[in-house]
Amino acid sequence: MIFLDAAATTPVRREVLEAMWPVLTAEFGNPSSHHELGHTAADILANARSRVAKVLGCRASEITFTSGGTEADNLAIKGIALARQAGNPALNRVVISAVEHPAVLESARYLERFHGFALDVVPVDQSGVVTATALRPFLGEKTALVSIMYANNEIGTVQNIRELAELAHQHNIPFHSDAVQAAGWLPLKVNDLSVDALSISGHKLGAPKGCGVAFLKSRTPAEPLIHGGGQERGRRAGTENVAGAVAMAMALELGAASAAPEAERVGVLREEFISHVLASVPNAILTGHRSQRLPSVASFCFPGTSGESVLLELERLGVVCSSGSACAAGSDEPSEVLLAIGLAREIAQTAVRFSFAQGVDAEQVRRAAALVTTAVGRVTSLGAVGGEP
Ligand code: PLP
């Protein structure tokens, strides 16, 4: 099997599993317990927090461990918007982009439905980029928060986060970014990005599913979503997933250490892959920005097919990929992201995304490119439904 669906998830890295093992077995204490085992667990947790903070270039106290990217997004968006509104009831708008992951979009919609917020959605251009010019008109006195993702999970487009964050700051508005897909590929120092909040998920970079990190800058108010025993400095109650925290620390360190060389190597492979597919599949459309994109994502529409049928044919040929985001898989509705970049519904329904993990085998990527041509050819000759070229 050639696994080209790393944007959906990745296997746990051996080093990560080995780091978790003692925490799950011998050193299994509850960090809140007042005995030696508890103190050891608290020390392990503190150490993991410091290591994550080092990767992000922030203070350990600014790191909250969460159950993943979705929770980190929820905490940043609902937490900051509600806390700011509590301090100033006039703050009742939230700004997001038109290509956000559902974890961001639905958090914002929740604020709209239950807390009287208005939701402002900034349009993107045809390549999925949010420009400063597009964002500017949405930044008003009533805006509680801006949330714009670092890199898109479906089309790989990377945003100019620093520029957008600085623009929000000119209006005294805090800025959150969902960096779930960026982690392991792009620089993550929060000061360089100029963000006030950042979300990361473990399972996209070799940690297990169910662990993540929210960076919340000190003095950025954030209301907790989960109430209870006051863990995580009151920001997220519940007995801590100590092994998950250790996994996050290890996965982020390993990911960051090889991010630059792997981004370069995999970026070259991605270019080869894209060139091959565009040259050999008639009418193939590359979605997302031509160059300002994750090194790990090659996303296409294949008019004249259906994304699902290409996916099935590829799986028969031994290539595993995705027809869009894992969250939208199985849904007949075309992706909101593809509609936001201006694709017609019937074209958007022909989307296929290939995403590579760090360490991906070059030969496998090359073989997969040839198999894409075969798969699309077969599906087209079978007369599958979908947008006409
Ligand atoms: N944000 C983005 C951009 C994602 O791609 C994902 C996962 O697909 C998430 C958030 C959600 O992360 P998790 O699966 O850890 O909840």
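**Backbone outliers, overall dimensions and a small antiparallel sheet**

Asn-172 is exposed, with a relative accessible area of 64%. In this predicted model, Asn-172 belongs to the loop that connects α6 (161–170) with β6 (175–178), and its phi is near 55°, a positive value in a residue other than glycine. A positive phi is also found at Ser-194, where the angle is about 70° although the residue is not a glycine. Ser-194 is likewise a loop residue, placed between α7 (190–193) and β7 (197–201); its relative accessible area, however, is 15%, and because the limit for a buried residue is under 20%, Ser-194 counts as buried.

At the level of the whole chain, the protein contains 12 helices and 12 strands. The radius of gyration is 21 Å, which agrees with the value near 21 Å that a compact globule of 389 residues would have. Along the principal axes, the C-alpha atoms fill a box of roughly 65 × 50 × 35 Å. Of the 389 residues, 57% count as buried, and among the contacts with a separation of 6 or more, 75% are made by residues 24 or more positions apart in the chain. The area exposed by the protein is about 15,900 Å², of which carbon and sulfur atoms supply 54%. The charged side chains comprise 32 positive and 39 negative groups, and the centres of these two sets lie 3 Å apart.

One element of the fold is an open sheet of 3 strands, arranged in the order β9-β10-β12 with antiparallel pairing. Strands β9 (285–286) and β12 (351–355) stand at the edges of this sheet, and because each has a single partner strand, one side of each is left without a neighbour in the sheet. The pairing of β9 with β10 (residues 297–301) is antiparallel and rests on 2 bridges, and Leu-286 stands opposite Phe-300 in β10.

A further residue considered here is Glu-264, which lies in helix α8 (residues 242–280). Its relative accessibility is 61%, and Glu-264 therefore counts as exposed. Glu-264 is separated from His-203 by 61 residues in sequence, and the C-alpha atoms of Glu-264 and His-203 are 22 Å apart in space.

Terms used
Residues numbered from 1 in each chain as written. Predicted model: local features only at pLDDT ≥ 70, side-chain atom pairs only at ≥ 80, totals over all residues. Heavy atoms only, no water. Helix = DSSP H or I, 4+ residues; strand = E, 2+ residues; numbered from the N terminus. Rg over C-alpha atoms; globule rule 2.2 N^0.38 Å. Buried < 20%, exposed > 50% of the residue type's maximum accessible area, 1.4 Å probe, protein only. Contact = heavy atoms within 4.5 Å. Areas by Shrake-Rupley, 256 points an atom, 1.4 Å probe, with all protein chains shown as cover. Lys, Arg positive; Asp, Glu negative; His and termini not counted. Charge placed at Lys NZ, Arg CZ, Asp CG, Glu CD. Pairing = 2+ DSSP bridges.
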